[in-house]
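Visitor: I'd like a close look at one part of this protein, please. Could you walk me through it slowly?

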Amino acid sequence: QVQLQESGGGWVQAGGSLRLSCAASKSIISTNVMGWYRQAPGKQRELVATITSGDSTNYADSVKGRFTISRDNAKKTVYLQMNSLKPEDTAVYYCHADGRGFLGFREFWGQGTLVTVSS
């Protein structure tokens, strides 16, 4: 069962924009911190941005001023608006959530969505 479902990835030219969405399934009762991580080929997974249930945000230095994270608590959905995309933003983007499922509090991960930025 997919507990975090991402959408919105794809191909874009440098300078373009994409918007990622991630919706938590009904098996996730509530979420605290939600966020996005990414993993480029041959590199480790890294933090992109996080947002708390109170809308406090945190960004990696490499995306500050270009990416915006937001969330809709009622829909248990987190978004990542990516502007001024660069080829180095190419990666698989993973949704992440700290939340409560039927078996208690734990981390949840999405399956990933590929973002490709061409020069």
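Is cysteine 22 buried or exposed, and what is its relative accessibility?

Guide: Happy to take you there, and please keep in mind that this is a predicted model. Cysteine 22 is buried, because its relative accessibility is 0% and the cut-off for buried is under 20%. Let's see what this residue is joined to. Cysteine 22 forms a disulfide with cysteine 95, with 2.0 Å from S to S. The two cysteines sit in distant parts of the chain, 73 residues apart: cysteine 22 belongs to strand E3, which covers residues 18-24, while cysteine 95 lies in strand E9, covering residues 91-101. The partner is hidden as well, since cysteine 95 has a relative accessible area of 0% and so counts as buried. If you turn the view to look along the bond, the angle about S-S is -85°, a left-handed link. You need not hunt for another such bridge, as the whole structure has one disulfide.

Now step back to the chain that holds this pair. The protein chain has 11 strands and zero helices, so the pattern read along the sequence is simply β-β-β-β-β-β-β-β-β-β-β. Contacts between far-apart positions are well represented here: among contacts with a separation of 6 or more, 55% are between residues 24 or more positions apart. Burial extends past the two cysteines, with 43% of the 119 residues counted as buried.

Another buried residue is worth a stop on the way. Threonine 50 is found in strand E5, residues 46-51. Its relative accessible area is 16%, so threonine 50 also falls under the 20% cut-off and is buried. Leaving aside residues up to four places away in sequence, threonine 50 touches Val33, Met34, Gly35, Ser56, Thr57, Asn58 and Ile69.

Finally, here is the outline of the whole chain. The radius of gyration is 14 Å, which agrees with the value near 14 Å that a compact globule of 119 residues would have. Along the principal axes, the C-alpha trace spans about 45 × 25 × 20 Å. On the outside, the accessible surface is about 6300 Å², and carbon and sulfur atoms supply 48% of that area. As for charge, the chain carries 13 positive and 9 negative charges, and the mean positions of the two sets are 5 Å apart. With that outline in view, you can return to the start: the disulfide between cysteine 22 and cysteine 95.

Key:
Residues numbered from 1 in each chain as written. Predicted model: local features only at pLDDT ≥ 70, side-chain atom pairs only at ≥ 80, totals over all residues. Heavy atoms only, no water. Helix = DSSP H or I, 4+ residues; strand = E, 2+ residues; numbered from the N terminus. Rg over C-alpha atoms; globule rule 2.2 N^0.38 Å. Buried < 20%, exposed > 50% of the residue type's maximum accessible area, 1.4 Å probe, protein only. Contact = heavy atoms within 4.5 Å. Areas by Shrake-Rupley, 256 points an atom, 1.4 Å probe, with all protein chains shown as cover. Lys, Arg positive; Asp, Glu negative; His and termini not counted. Charge placed at Lys NZ, Arg CZ, Asp CG, Glu CD. Disulfide = S-S within 2.5 Å.
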